[in-house]
Amino acid sequence: MTAINPVTDLSKDGDIAIVTLNSPPVNALSAAVRDGLAAGFRQAVADPQVKGIVRICEGRTFIAGADISEFGSQMKGTSLFDVQAAMEDSPKPVVAAIHGTALGGGLEVALCAHYRVAVPSARCGLPEVNLGLLPGAGGTQRLPRIVGVEKALEMVTSGQHVPARQCLEMGLVDELAPEGTLKQTAVAFTRRIVAENKPLRKVRENNAKVEAARDHPKIFENFRKAKARKFRGFQAPESNIRCIEAAVSLPFEEGLKTERKLFLELMTGPQSAAQRYAFFAERQANKIPDVPDDTATLPIRKVGVVGAGTMGGGIAMNFANAGVPVTIVEAAPDALDRGLGVVRRNYERSARGGRFTAEDVETRMGLLTGSLNLQDLADCDLVIEAVFEQMDVKKDVFRRLDGIVRQGAILASNTSYLDIDEIAGATGRLESVIGLHFFSPANVMRLLEIVRGAKTSKAVIATAMKLAKTIGKVGVLVGVGPGFVGNRMLAQRSREAQKLVLEGAMPWDVDRVLYDFGFPMGPFAMGDLAGLDIGWVRETSKGETLREVLCEMDRRGQKTGAGYYDYDENRNARPSPVTEKIIRDLRIRNGIDPRVISDAEILERTLYPMINEGANILDEKKAIRASDIDIVWINGYGWPVYRGGPMYYGDRIGLDKVLARMKAFQAQMGDDFKPSPLLERLAADGEKFLDAR
Ligand code: CAA
């Protein structure tokens, strides 16, 4: 074995050379990796005894892509194109041996090998779109030449990681190696290629599939139409599509030029910068300063959920999906049946949509046990309470659970507002109590706010963070306080939205501005979806606010066919003359002379107080870092990832500008706009949230 450089080795198995990369954690294509690969190939090609070359990686994965941390700085060392040319133009057959994930630049390197072998657990994909980019090393030109235009469009715009068996069917992989035998199988495969004198296949020369697509010009138009909703606001999907169009209409080299041009446009644009930021921010959120990575975690073999309502059912689904048995406890048999019925219907809908098989539905349902008795949770490792959002109800549940569930097990609350420490006080195990705040629909939304109580132990925190990953969520650790991070900031936006309507805007004006900003829906449409009667009590309702009047009229949102909006039988929303009249009456009753409110004011009034509240949260140390707040908003509330989250957005605008607007609003409208001390400090020092310590 020869060390080519610190991350690359060259060894031989008879007449087959093996170029091995070992650059933890994910063998990303850093300058050292590119240099090592190019030099390794040169040496292997120059060695007269070598007849074929295998490209393989050590560690957890094949190359996971370009080194994203190098983006935006001056490129050093060998270019990726030179590495690719060294492989593709090699006079000896080159075989890529894939395990883990071959992603982005990693797959683009593999596409320059003459053949590809993979283990069944491997996955291949071009996920650049998720970073606001496109595959910039020939991926958009080579992929359709193997898998065809339609599959290529799907892969580059979804960024999906395609399992090896499917890659084999598509021709992206030539042979599967039994798990654990990748190196031997790849060497044997290469030897066979040599012995049988098989051609040195260059994907770039394989034009049949792109030529065939020339007779079907509608492919692109239809694809754009079908995905318009999903791609709204994002630049990268359209650029990816245009590259595949270029692969069809232009010769390979010309297509590469289009790819290069569009890649550079995206790379230097604001959307990709925000999406790359979000990628690292998400990983950063896992790092808890006083809970080291090696903190021992507790095993979670069986979970209990108290409450089979919408939230409880959704929470339980997460665990069943991850193969963890769950017992759901409800007070009454019909409520339990209803809850389990909803879960089954959700699974069946997913199966109909092709996301999994009918067998998977049964496997998952088989992991769910319904019960009417809290005693059945005695042997759980974790119990999550998802009952009515009222302190005395929650405390009662915790008091009872404390007497039933084995000592050492974790007791978690799904509260979205209440004080975890007060809830923990109902138990004799303060160190084992934590908040696990799921977002509705709990089986879909990626965010999990993990609320750390004053006494929660490090082992319990580490377990919750790990658990989030196990069930496919993004866990963000937050402190105790009303509404934690997400809902506390949301309250600012909701208040301003309501005020704007009294002052002169209509709900659909406010919603349109926030929708155009990139949110999936505005606050009023969201209210209608959730139900306007959440937290509304008929007995104490005084008909003083828009929401109270609507609820009193039984306009409680989509479920009653009307709320802020009117809905048709397909739940399509229309601005409502009824709502408009109520608003006008409320204005008269409150002596408000309506004015024309600009879109710019709507945006500033709804977003700046949120940014300001984020600053208060940071100042009070209820979030570890500004980027954690951004991850909460991107994953829990639909903040458009291409705008990086509220704190990132505030930084881009300039904190001095945000502060100046807050002060101007404060002068006009009072202390709802009181600037956060942290915002004042940072603005005065010319600093950003993301640099603040
Ligand atoms: N560049 C730099 N660092 C990377 C990286 C990359 N491409 N991919 C992952 N990392 C880092 C992560 O930041 C993380 O670092 P820390 O431990 O310091 O936080 C570490 O590797 C492990 O990553 P994960 O925690 O995400 O590990 P995982 O096992 O859950 O997932 C993965 C592994 C599926 C590879 C995931 O990391 C991933 O999706 N990576 C990005 C893949 C990607 O987008 N590739 C395309 C890059 S762009 C490109 O290639 C452009 C081109 O055309 C040339």
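# Reading two sheets in a predicted model

Modeller: Eight strands of this predicted model form an open sheet in the order β13-β12-β11-β14-β15-β16-β17-β18, with mixed pairing.

Colleague: Which strands are the edge strands of this sheet?

Modeller: The edge strands are β13 (368–371) and β18 (474–479), each of which pairs on one side only. Direction ignored, neighbouring strands of this sheet are turned against each other by 25° on average.

Colleague: How should I understand pairing between strands?

Modeller: Strands of a sheet pair through backbone hydrogen bonds, and the pairing is either parallel or antiparallel. Here, β12 (residues 326–329) and β13 run parallel and are joined by four bridges; V326 is placed opposite L368 of β13.

Colleague: How many bridges join β11 to β14, and which residue stands opposite I384?

Modeller: β11 and β14 run parallel, with four bridges between them, and V305 is the residue opposite I384 in β14. On to the next pair: β14 and β15 are also parallel and are linked by four bridges, with E385 facing S413 in β15.

Colleague: Through which helix does the chain cross from β14 to β15?

Modeller: The chain passes through α16, and this β-α-β crossover is right-handed. Helix α16 (residues 391–404) packs on the sheet and touches β11 (303–306), β14 (382–385), β15 (410–413) and β16 (433–438). The direction of α16 makes about 170° with that of β15.

Colleague: Which strands does helix α18 lie across?

Modeller: Helix α18 (residues 458–470) lies across β14, β15, β16, β17 (447–452) and β18, and runs at about 180° to β17.

Colleague: Which way do the residues of β14 point, and are they buried or exposed?

Modeller: L382 and I384 point one way from β14, while V383 and E385 point the other way. All four of these residues are buried, that is, under 20% relative accessible area.

Colleague: Let us turn to the other sheet. What is the order of its seven strands?

Modeller: The seven strands form an open sheet in the order β1-β2-β3-β4-β5-β7-β10, and the pairing is mixed. β1 (2–5) and β10 (175–176) each have a single partner strand, so one side of each is left without a neighbour in the sheet.

Colleague: In which sense do β1 and β2 pair?

Modeller: β1 and β2 (residues 8–13) pair in the antiparallel sense over three bridges. The bridge partner of T2 in β2 is L10.

Colleague: Where does helix α7 lie?

Modeller: Helix α7 (residues 182–195) lies across β2, β3 (16–21), β4 (52–57), β5 (94–98), β7 (115–118) and β10. The helix runs at about 160° to β4.

Conventions: Residues are numbered from 1 along each chain as its sequence is written. This is a predicted model: local features need pLDDT of at least 70, side-chain atom pairs count only at pLDDT 80 or more; totals for chains, interfaces and linings use all residues. Side-chain values use heavy atoms; hydrogens and water are left out. Two strands pair if DSSP finds at least two bridges between them. Helices (H or I, at least four residues) and strands (E, at least two) are DSSP runs, numbered from the N terminus. Contact means heavy atoms within 4.5 Å. Axes are lines fitted to C-alpha atoms, for helices over the stretch in contact, and angles run from 0 to 180 degrees between N-to-C directions. Buried means under 20% relative accessible area, exposed over 50%, partly exposed in between (1.4 Å probe, protein chains only). A crossover is right-handed if, with the strands pointing away from the viewer, the path from the first strand over the helix to the second runs clockwise.
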